[in-house]
Amino acid sequence: MQVKRVVLNSRPGKNAEPSPGNFRLEETTLAPDLPDGEVLVRTVYLSVDPYMRCRLNADTGSDYLGPWQLSECLDGGGVGVVESSRCSTHTQGDVVTSFNWPWQTHAVMRGDALQKVDPRLVDGHLSYLLGAVGMPGLTALLGVREKGHVIKGANQTMVVSGAAGACGSLAGQIGRLDGCVRVVGICGSDEKCRVLVEDVGFSAAINYRREDVSAQLQDSCPEGIDVYFDNVGGAVSDAVIAQMNKDGHVILCGQISQYNKDVPYPPPLSDETQKILQSQNITRERFLVLNYMNKTEASLLELSQLVKSSQIKVLETVLNGIENMGNAFCSMMKGGNIGKQIVKISE
């Protein structure tokens, strides 16, 4: 079988933005005979995510993520359908997903590396398995629950940066459902601000590209900020932390503004911001969803119910074709997506 795949063509370097030229589309051949324990899958959707930026480097700086290798097929979150199987746990037609799905139109994978999924979990919207009812949803839900300390009736205000992205758009909605009386999003365009307020239910939204973030935060958060879901780091986060209340909580989820720089993760804070954290007794602990995998099953079921009942609205940006994987990744890194960035590979 002739299949298309995406391989790593070149590395952008630790201090540079990735470009579509770092990715290369190739054709390859799959052997006709399946080994025992393996299945042939047809890829339906693939995911691109900010964490992948470190995998473009020869050294990821992480002990749980290996680098992508030059001229080898890339991988990440994916969902697809079993076309043939020599594995007792999977049969033809099964919907399956994996965090290590090859960027190929078809692939031969070990059955024990795939998780079988009931499409009813997402009302047939299989792309949601890579977003709201997948890793971004888990990150948002568990991040808010484990690190946010949201208390119903406590009159809390939450701010979310990267608020129109896959994780941020969900985190703000979960914060509101869990009891925050005000949820304010920070994002990079007027259209994203509109979507957050009118479509998703945020109290207010700030366009950091053209507005004074500090001044807008004062207007939008008159009683200060209690919970900050941080996806971006840098100057935006300094501005938010400067207005946080005593005993507040920073959910340190991501630092996308720093990912194209050769700095450790999480990047060091300015002395001034560090002093604010200490004087105000604000917690800022790194959040890694992999540390809470024992809560995955129950959390995914809860996310499924929240989505199916329309208590959470799902935002997606979809590109078509495996040839657009590099374009989708680079666009996502520059904020070109609203909600989860997905690439549709087949019907």
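Asp-75 lies in strand 4, which covers residues 75-85, in a model that is predicted. The residue has a relative accessibility of 14%, and because buried means under 20%, Asp-75 counts as buried. Not counting residues up to four places away in sequence, Asp-75 touches Met-52, Arg-55, Trp-68, Asn-100, Trp-101, Pro-102 and Trp-103. The side chain of Asp-75 also makes polar contacts, among them one of 3.2 Å with the side chain of Trp-68 and one of 3.4 Å with the side chain of Asn-100.

Elsewhere in the chain there is an open sheet of 6 strands, arranged in the order 10-9-8-11-12-13 with parallel pairing. Its edges are formed by strand 10 (204-207) and strand 13 (283-286), each of which pairs on one side only. On average, and with direction ignored, neighbouring strands of this sheet are turned by 15 degrees against each other.

Within the sheet, strand 11 (residues 225-230) and strand 12 (residues 244-252) run parallel and are joined by 5 bridges; Phe-229, for its part, has Ile-251 in strand 12 as its bridge partner.

Helices 3 and 5 pack on this sheet, as the table sets out.

| Helix | Strands touched | Angle between directions |
|---|---|---|
| Helix 3 (residues 190-200) | strand 9 (182-187) and strand 10 | about 170 degrees with strand 10 |
| Helix 5 (residues 234-241) | strand 8 (157-161), strand 9, strand 11 and strand 12 | about 165 degrees with strand 11 |

Strand 9 thus appears in both rows, being touched by helix 3 and also by helix 5.

Definitions and conventions:
Residues numbered from 1 in each chain as written. Predicted model: local features only at pLDDT ≥ 70, side-chain atom pairs only at ≥ 80, totals over all residues. Heavy atoms only, no water. Helix = DSSP H or I, 4+ residues; strand = E, 2+ residues; numbered from the N terminus. Buried < 20%, exposed > 50% of the residue type's maximum accessible area, 1.4 Å probe, protein only. Polar contact = N/O pair within 3.5 Å; in protein donor to acceptor, adjacent residues only side chain to side chain. Contact = heavy atoms within 4.5 Å. Pairing = 2+ DSSP bridges. Axes fitted to C-alpha atoms, helices over the stretch in contact; angles between N-to-C directions.
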